[in-house]
Amino acid sequence: MAIIGNSKYEERINHHIAKYETKRSAVMPLLYIAQEEYGWVNQDGINEVAQLLNLDPTQVKSIAGFYTMYSEKPKGVYWLQVCTDLPCALQGADDFHAWLKEELGVEEGGTSADGMFTVEHVMCLAACDKAPMLQCNFRYVEDLDQNKMRELLAKWRAEAAASMNGRSAE
Amino acid sequence: MHILLRGRDIDNIKQLAVYEKHDGFAGMKKALAMTPAEVIDVVKASGLRGRGGAGFPTGVKWSFIPQHEPVKFVTINADESETGTFKDREIMEENPYQLIEGSLICAYAIQAKAVYIYLRGEFWDIGDQLDECIEALREKGFVGKNIMGSGYDCEVYTHLGAGAYICGEESALLNSLEGYLGQPRVRPPFPAQKGGGLYKEATVVNNVETLANVPYIMSEGADAFKAIGTEQSAGNKIYCVSGHVKRSGNYELPMGTTFRELLYDHAGGPLYEDRPFKAMLPSGGSGPIVPLTDEVLDTPMSYEDCANIGTIIGSASIIVMDETVDMTWVASKVTKFFKHESCGKCTPCREGTYWLDKVIDRILDGRGSPDDVKRIADVAENMAGTTLCALGDFAANPIIHTIRHFPDDFAQHVQS
């Protein structure tokens with residue numbers, strides 16, 4: 001596993017490096033690529049991004065640490081970020097968030113025992129008219145309630161199981 | 001009539017052929033037939049003001065760019081992160097070409113080398129769509145070398161943030177785009193000046209909604225735009241309504257429409273019939289809260305009229321709360337937002353938001369004293385005006401104004 005020399009990413013990496021006036025500007029898009037490859041921003045990813053951009057790994061790590069969308073530890077298969085900011089909270093998002101954690105048996109920021117779901121609350125996601133809402137692996141899921149969420153959790157579990165079975169059959 | 005949210009009136013306007021059929025790029029063609037200075041004059045005459053919150057006259061901002069500088073940039077603030085704001089998202093999802101056309105007109109007016117669209121990271125799918133739009137325009141000769149045969153060259157790129165409210169602050173946005181921590185810069189030099197902008201070159205930073213107005217201004221003329229709205233607040237504005245109303249959502253209406261018309265006629269009034277409105281935040285978490293009195297409801301939503309009731313229209317992210325909402329809890333919610341989003345550069349904001357959050361938690365837990373209410377007001381007043389960017393002021397606002405307007409909401413938690 002690597003992003004350097006990986007044909008899957010070569011074109012995108014080159015596109016990002018070319019579009020800015022300085023190499024350093026490509027640090028954010030390249031961190032996303034590292035996160036895609038490793039599932040989180042690990043030291044290997046940081047070292048590779050640093051090498052590609054002629055930066056020190058410490059400089060890259062400081063950028064990764066500043067932003068909430070780079071994960072500095074492994075997450076569950078589904079990373080659920082529930083907006084609990086004021087407009088969503090006025091529509092019951094705090095209760096929804098508490099219920100979801102209880103339903104999955106996780107603490108804030110924790111991952112369910114089966115490794116399937118990580119739950120955390122986040123600040124405003126610009127979807128205030130569709131609360132409660134969350135993003136699942138950066139994809140918005142809006143106008144939620146407990147019933148809808150239970151169905152989604154079952155669906156995602158089934159999808160993950162199907163993909164695991166597919167892999168072991170290969 | 002929608003000038004901005006045209007995706008609601010015209011099916012598939014997000015397709016280039018449909019956009020072109022409905023006057024798409026007519027404004028751009030007109031602009032390219034003028035000199036850059038003439039384009040700036042038209043935008044100045046239209047009275048368009050920045051829609052990101054500050055309301056600075058757009059044409060004046062463009063005119064600050066020194067013409068003799070060889071390299072200049074346009075940066076679009078699509079970081080849309082203010083609590084309660086979701087308007088730029090709809091423009092970019094449903095009417096993306098209008099934003100790109102507006103930004104190209106701006107780029108031509110200041111003779112920029114390139115446009116960078118800075119999107120909040122969560123908008124990656126919007127970024128993908130914009131990338132496709134840019135490629136479609138490149139194929140037509142509307143982006144890249146010799147745009148529309150005019151001899152003018154300009155590139156357009158997207159850039160994704162990664163979850164940081166502060167990157168909506170223009171100098172932090174520029175730092176983030178350059179690959180540094182998204183923290184504000186010391187000004188001067190301002191972004192429009194050599195040394196202060198992107199890669200130290202003179203740069204215009206405009207909000208999405210601001211630039212999406214520009215094609216209309218160019219094609220229909222400054223007078224047509226100025227005829228909409230009020231004397232000092234021209235044009236339409238997208239009002240994002242959330243909270244305790246029946247129909248939350250975006251509403252594009254002329255500036256100067258009253259809060260009453262927006263909240264009752266359009267948003268349907270209180271969510272629950274037996275729970276009347278109590279208060280509203282007219283500019284997300286960052287603007288002063290106001291009680292929803294008859295006087296406030298009858299106030300026109302314009303830059304000048306909102307100043308008269310002690311608040312701002314800002315980005316027009318209107319969060320409505322009914323009588324069941326405890327304003328101490330609101331102060332806590334908004335403070336937790338700013339505590340999380342403080343970038344850590346300036347001590348009053350970094351430490352102040354932390355202290356405020358701690359003391360408000362104590363008050364809400366019933367462990368606070370009347371002195372604690374005075375204490376948070378004092379901390380907030382000492383934060384205001386002491387930081388490099390406005391986030392420090394924004395974080396002070398919810399405390400100062402909730403205590404001012406709703407003292408009883410705080411008093412109920414600290415009675416011994």
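Let's start in chain B of this predicted model, where strand β5 (residues 236–243) runs parallel to strand β9 (residues 317–322), the two being joined over 4 bridges. One spot to click on is B:Gly243, whose bridge partner in β9(B) is B:Val320.

Zoom out a bit and those two strands turn out to belong to an open sheet of 5 strands in chain B, ordered β6-β5-β9-β7-β8, with mixed pairing. At the edges sit β6 (249–254) and β8 (290–291) of chain B, each pairing on one side only. Packed on this sheet is helix α12 (residues 259–266) of chain B, which touches β5, β6, β7 (277–285) and β9 of chain B. Its direction makes about 110° with that of β7(B).

Strand β7(B) shows up again around another helix, α19 (residues 407–414) of chain B: the cover over the buried residues of α19(B) includes β7, α15 (327–341), α16 (347–364), α17 (370–383) and α18 (391–405) of chain B. Which residues of α19(B) are buried? Look for B:Asp409, B:Phe410, B:His413 and B:Val414. Seen down the helix axis, the buried residues of α19(B) fall within an arc of 125°, so they line one face of the helix.

Now for the nonpolar cores. The largest has 162 residues, and A:Tyr67 and B:Trp62 have the most contacts inside it. Helix α6 (residues 96–110) of chain B gives the most to this core, with 10 residues. Beyond its sequence neighbours within four places, A:Tyr67 is in contact with A:Met28 and with several chain B residues, including B:Tyr118, B:Cys167, B:Tyr180 and B:Leu181. Apart from this core lies another, of 24 residues, among them B:Tyr239, B:Phe259, B:Phe277 and B:Val296.

Note on methods: Residues numbered from 1 in each chain as written. Chains lettered and ligands numbered in written order. Predicted model: local features only at pLDDT ≥ 70, side-chain atom pairs only at ≥ 80, totals over all residues. Heavy atoms only, no water. Pairing = 2+ DSSP bridges. Contact = heavy atoms within 4.5 Å. Axes fitted to C-alpha atoms, helices over the stretch in contact; angles between N-to-C directions. Buried < 20%, exposed > 50% of the residue type's maximum accessible area, 1.4 Å probe, protein only. Arc of directions from axis to C-beta. Core = buried A, V, L, I, M, F, W, Y, C linked by side-chain atoms within 4.5 Å.
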